[in-house]
Amino acid sequence: MAALSYGKRCKKRLSPDAEAQRYCEAGLDKDGFEVKYISDYKGFGVFSVAEHAKGDFLLQYAGEKITKNEATERMKKSTENKFFFYCYKGQDLCIDAEGVSNSICHFVNDADKTANSVMKLKVFHEKEYLCLYAMKDIQPGEEIQYNYGDKENLWWRSKDDDCDDIDDDPFDIRKISGK
């Protein structure tokens, strides 16, 4: 019986952190996701097109690393909220994703109680990255959501959690058909 060639041996799957490091350092998004328009109220969201197991690395929140003070100034001039604040080595820092077009993680929506992923600060080769990991098994078609963690500045948290009652979508088929 012939021995298996090197190319035919089973490849060991990378650990979630090793996979995160690979994608973060390469500046690439992982395959298995798509951005879709949801509604006028919610905007866009990220949806899975593949299965992801609990604990898997999903995406990196990419952008420019700035100080909290600089972020506060930029927020005054910005029309979008693509700022992710975090603390590292005693410093208050921020990732500003405004203007980032080659990464989709900034389209992931907030979910207070129904989150299926969690953002974690990871450090690879002395550089910090914000990485999204699956908190549960995720199936194709599921929207990727995580808890933004900010209880004071999220205006939509003060609204009803059920977005179906929002009456601002002129293309809502339920209104047109009378259902």
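Buried means under 20% relative accessible area, exposed means over 50%, and partly exposed lies in between. The exercises below use these words. The model is predicted.

**Exercise 1. Which residues form a salt bridge with Glu143 and Asp17, and how far apart are the closest N and O atoms?**

Step 1. Start with Glu143. Its relative accessible area is 14%, so Glu143 is buried.

Step 2. Find the partner. Lys42 forms a salt bridge with Glu143, and the closest N and O atoms are 3.2 Å apart.

Step 3. Place the two residues. Lys42 sits in the loop between E1 and E2, and Glu143 sits in strand E10 (residues 143-146), so this pair ties together parts that are 101 residues apart in sequence. Lys42 is partly exposed, at a relative accessible area of 27%.

Step 4. Turn to Asp17. Its salt bridge is with Lys122, with 3.3 Å between the closest N and O atoms. This pair also links distant parts of the chain: Asp17 belongs to helix H1, Lys122 to strand E8 (residues 117-124), and 105 residues separate them.

Step 5. Classify both ends. Asp17 has a relative accessible area of 33%, so it is partly exposed. Lys122 has 19%, so it is buried.

**Exercise 2. Work out how strands E1 and E2 are joined, and what Tyr37 does there.**

Step 1. Count the bridges. Six of them join strand E1 (residues 33-39) to strand E2 (residues 43-48). The two strands run antiparallel.

Step 2. Look at the link. E1 and E2 form a hairpin, with three residues between them.

Step 3. Find Tyr37. This residue is in strand E1. Opposite Tyr37 stands Phe44 in E2.

Step 4. Classify Tyr37. Its relative accessible area is 45%, so Tyr37 is partly exposed.

Step 5. Look at the surface. Val35, Tyr37 and Phe44 make a nonpolar surface patch of about 280 Å².

**Exercise 3. In what order do the strands of the open sheet E4, E5 and E6 stand, and which strands are at the edges?**

Step 1. Read the order. The three strands form an open sheet in the order E4-E6-E5, with antiparallel pairing.

Step 2. Find the edges. Strand E4 (64-67) and strand E5 (83-88) each have a single partner strand, so one side of each is left without a neighbour in the sheet.

Step 3. Add the twist. On average, neighbouring strands of this sheet are turned by 35 degrees against each other, direction ignored.

Step 4. Check one pairing. E4 and strand E6 (residues 91-96) pair in the antiparallel sense over four bridges. Thr67 stands opposite Leu93 in E6.

Step 5. Add the helix. Helix H2 (residues 68-77) lies across E4, E5 and E6. Helix H2 runs at about 105 degrees to E4.

**Exercise 4. Which residue forms a salt bridge with Arg74, and which parts does the pair tie together?**

Step 1. Name the partner. Arg74 forms a salt bridge with Asp96, where the closest N and O atoms are 2.8 Å apart.

Step 2. Place the pair. Arg74 lies in helix H2 and Asp96 in strand E6, so parts that are 22 residues apart in sequence are tied together.

Step 3. Classify both. Arg74 has a relative accessible area of 24%, so it is partly exposed. Asp96 stands at 7% relative accessibility, so it counts as buried.

Step 4. Widen the view. Salt bridges that share partners join Glu64, Glu70, Arg74 and Asp96 into one network. A search of the whole structure finds 12 salt bridges.

**Exercise 5. Are Gln60 and Asp31 buried or exposed?**

Step 1. Take Gln60. This residue is in strand E3 (residues 57-61). Its relative accessibility is 12%, so Gln60 counts as buried.

Step 2. List its contacts. Leave aside neighbours within four places in sequence. Gln60 is then in contact with Cys24, Ser103, Cys105, Tyr129 and Leu130.

Step 3. Take Asp31. Its place is in the loop between helix H1 (16-26) and E1. Its relative accessibility is 66%, so Asp31 counts as exposed.

Step 4. Add a distance. Asp31 and Leu59 are 28 residues apart along the chain, and their C-alpha atoms are separated by 9.3 Å.

Methods
Residues numbered from 1 in each chain as written. Predicted model: local features only at pLDDT ≥ 70, side-chain atom pairs only at ≥ 80, totals over all residues. Heavy atoms only, no water. Pairing = 2+ DSSP bridges. Axes fitted to C-alpha atoms, helices over the stretch in contact; angles between N-to-C directions. Contact = heavy atoms within 4.5 Å. Patch = residues over 30% accessible without salt bridge, like charges linked within 9 Å, V, L, I, M, F, W, Y side chains within 5 Å. Areas by Shrake-Rupley, 256 points an atom, 1.4 Å probe, with all protein chains shown as cover. Salt bridge = Lys/Arg side-chain N within 4 Å of Asp/Glu carboxyl O. Buried < 20%, exposed > 50% of the residue type's maximum accessible area, 1.4 Å probe, protein only.
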